[in-house]
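Visitor: I am new to this structure and would be grateful for a close look at a single part of it. Please take the sheet and what lies around it.

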Amino acid sequence: MDTKQIETAGVYEIQNPEAVAAAKQAMPCSEAIEKLADFYKIMGDQTRLKILTALEAGELCVSDLAELVSMSRSAISHQLRALKAAKLVKNRKDGKTVYYSLDDEHIHSIIKVALAHILEEG
């Protein structure tokens, strides 16, 4: 049996204590991990990603987003509520029209880096 697979009382034998200690110290707390998982759940929806990538070009109203994503205004509004609750988008009102934009530069950076990663050749 490989030494990496040896178990002692339900705990694996540690092969590199320094690396394990460094990784343990670097790991976020459980609450932060839970919030990160929720963030990726929100980001993991194709419709919401289409909305977010459309908003990278600048602010848009629900009607414009509905046209871009080929969905009803009601469906877009529903998705925007989820994105706003997750602090991924913000809005401003101009008369009766509500315009949406990315909440901050972090959202743009996350999308840009993730897209660059998946579009890498190789």
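How many bridges join E3 to E5, and in which sense do these strands run?

Guide: The model shown here is a predicted one. In it, E3 and E5 are joined by 2 bridges and run antiparallel. One residue of this pairing can be located directly: Cys61 lies opposite Tyr99 in E5.

The pairing belongs to an open sheet of 3 strands, arranged in the order E3-E5-E4 with antiparallel pairing. Strand E3 (60–61) and strand E4 (89–94) are at the edges; each has a single partner strand, so one side of each has no neighbour in the sheet. On the other side of E5, the pairing of E4 with E5 is likewise antiparallel and extends over 6 bridges. Here Tyr99 appears again, since Arg92 has Tyr99 as its bridge partner in E5. E4 and E5 form a hairpin with 2 residues between the strands, and in this hairpin Gly95 adopts a positive phi near 70°.

Another residue of strand E5 that merits attention is Ser101. Its relative accessibility is 16%, and Ser101 therefore counts as buried, the cut-off being under 20%. Leaving aside residues up to four places away in sequence, Ser101 touches Leu55, Glu59, Leu88, Val89 and Lys90.

From the sheet one may turn to the nonpolar core. In soluble globular proteins, nonpolar side chains tend to be buried together. The largest nonpolar core of this model has 21 residues, of which Leu52 and Leu80 touch the most other members. Strand E5 (97–102) supplies at least two residues of this core, as do helix H2 (30–43), helix H3 (46–55), helix H4 (62–69), helix H5 (73–85) and helix H6 (105–119). With residues up to four places away in sequence not counted, Leu80 touches Ile51, Val62, Leu65, Val89 and Tyr100.

Two of the contributing helices, H3 and H4, pack against each other at an angle of about 115°, their axes being 10 Å apart. The crossing of H3 past H4 is right-handed. On the H3 side the contact involves Thr47, Lys50, Ile51, Ala54 and Leu55, and on the H4 side Leu65, Leu68 and Val69. Sorted by class, this contact of H3 with H4 comprises 6 nonpolar, 1 polar and 1 charged residues.

Finally, helix H5 contains Gln79. At 11% relative accessibility, Gln79 is classed as buried because the value falls under 20%. Apart from residues up to four places away in sequence, Gln79 touches Asp45, Thr47, Arg48 and Ile51. Among these, Thr47 and Ile51 also take part in the contact of H3 with H4, and Ile51 is one of the residues touched by Leu80.

Definitions and conventions. Residues numbered from 1 in each chain as written. Predicted model: local features only at pLDDT ≥ 70, side-chain atom pairs only at ≥ 80, totals over all residues. Heavy atoms only, no water. Core = buried A, V, L, I, M, F, W, Y, C linked by side-chain atoms within 4.5 Å. Buried < 20%, exposed > 50% of the residue type's maximum accessible area, 1.4 Å probe, protein only. Helix = DSSP H or I, 4+ residues; strand = E, 2+ residues; numbered from the N terminus. Contact = heavy atoms within 4.5 Å. Pairing = 2+ DSSP bridges. Axes fitted to C-alpha atoms, helices over the stretch in contact; angles between N-to-C directions. Left-handed = near helix turned anticlockwise from the far one by under 90°. Nonpolar A, V, L, I, M, F, W, Y, C, P; charged D, E, K, R; others polar.
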